[in-house]
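Hi everyone, thanks for making room for me today. I'd like to walk you through one model, so please have a look at it while I talk.

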Amino acid sequence: MKALSFLKEDAGTFYIIDKGRNSNEKSCLWVENGHFYGMGYIDNGADIFSLDDIKSSLTSYASSHYVMQLVISFICRYPKKVVSISNKSFAYQ
């Protein structure tokens, strides 16, 4: 219920940062306006100065109800890995 509330209240724009395939990178998943945008890996040494830097490093994929169910399930299990995006803030971990 918390995840659904989060998606409805925030218009569903956020990214999720997690472990990468090795210690030199992080995985990232992007949801925009409640729809899955894409995912990929970001090198720990990459110059990340804006949200566009994160988004441009990801591979875009088609969104589906099933994929969003998986994302919501992940959010329910690991809510601290979700970074909500607002026009006023930017935080890359």
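Let's start with the largest pocket, which has a volume of about 230 Å³. Keep in mind that this is a predicted model. Who lines that pocket? The lining is made up of Ile-16, Asp-18, Ser-27, Cys-28, Leu-29, Met-39, Gly-40, Tyr-41, Tyr-61, Leu-70, Val-71 and Phe-74. If you'd rather think in elements, β1, β2, β3 and α3 each supply at least two of the lining residues.

Phe-74 is a nice residue to stop at. You'll find Phe-74 in helix α3, and it also belongs to the pocket lining. Is Phe-74 buried, partly exposed or exposed? Its relative accessibility is 24%, and buried means under 20% while exposed means over 50%, so Phe-74 counts as partly exposed. Setting aside neighbours within four places in sequence, Phe-74 makes contact with Ile-16, Asp-18 and Lys-81. Two of those names, Ile-16 and Asp-18, you have just heard in the lining. Phe-74 and Ile-16 are 58 residues apart in sequence, and from C-alpha to C-alpha they are 9.5 Å apart in space.

The helix itself, α3, covers residues 65–77. It lies across β1, β2, β3 and β5, and runs at about 65 degrees to β1.

Now for the sheet under discussion. In what order do the strands come? There are 5 strands in an open sheet, ordered β4-β3-β2-β1-β5, with antiparallel pairing. At the edges stand β4 (59–60) and β5 (82–84), and each has a single partner strand, so one side of each is left without a neighbour in the sheet.

Let me go through the pairs. β1 and β2 are antiparallel over 6 bridges, and a hairpin connects them through 5 residues. Within this pair, Ile-17 sits opposite Cys-28 of β2. Next, β2 pairs with β3 (residues 35–43), again in the antiparallel sense, over 8 bridges. Here Leu-29 has Met-39 as its bridge partner, Trp-30 has Gly-38, and Glu-32 stands opposite His-35. The hairpin of β2 and β3 has 2 residues between the strands, and in it Asn-33 takes a positive phi near 50 degrees. Moving on to β4, 2 bridges join it to β3, and the two run antiparallel. Gly-38 turns up again at this point, with Ser-60 as its bridge partner in β4.

How many residues of β2 are buried? The count is 6 of its 8 residues, which makes β2 a mostly covered strand.

That leads me to the packing. As a general point, nonpolar side chains in soluble globular proteins tend to be buried together. In our model, the largest nonpolar core has 11 residues: Tyr-15, Ile-17, Cys-28, Trp-30, Ile-42, Ile-48, Leu-51, Ile-54, Leu-58, Val-83 and Ile-85. The elements giving two or more residues to that core are β1 (14–19), β2 (25–32) and α2 (51–56). Apart from it lies another core, this one of 9 residues, including Ile-16, Leu-29, Val-31 and Val-71.

If you want to connect this with where we began, look once more at Ile-16, Leu-29 and Val-71: they are in that core of 9 residues, and they also line the largest pocket. Cys-28, another lining residue, belongs to the core of 11 residues. That's my tour, and I'm happy to go back to any part of it!

Note on methods: Residues are numbered from 1 along each chain as its sequence is written. This is a predicted model: local features need pLDDT of at least 70, side-chain atom pairs count only at pLDDT 80 or more; totals for chains, interfaces and linings use all residues. Side-chain values use heavy atoms; hydrogens and water are left out. A nonpolar core is a set of buried Ala, Val, Leu, Ile, Met, Phe, Trp, Tyr and Cys residues joined through side-chain atoms within 4.5 Å. Buried means under 20% relative accessible area, exposed over 50%, partly exposed in between (1.4 Å probe, protein chains only). Helices (H or I, at least four residues) and strands (E, at least two) are DSSP runs, numbered from the N terminus. Two strands pair if DSSP finds at least two bridges between them. Contact means heavy atoms within 4.5 Å. Axes are lines fitted to C-alpha atoms, for helices over the stretch in contact, and angles run from 0 to 180 degrees between N-to-C directions. On a 1 Å grid over the protein atoms alone, a cavity is a set of points where a 1.4 Å probe fits but cannot get out, and a pocket is an open set with protein on both sides within 12 Å along at least five of seven lines; lining residues have an atom within 4 Å of a point. Grid points are joined across faces, edges and corners, and a volume is the space filled by probe spheres set on the points.
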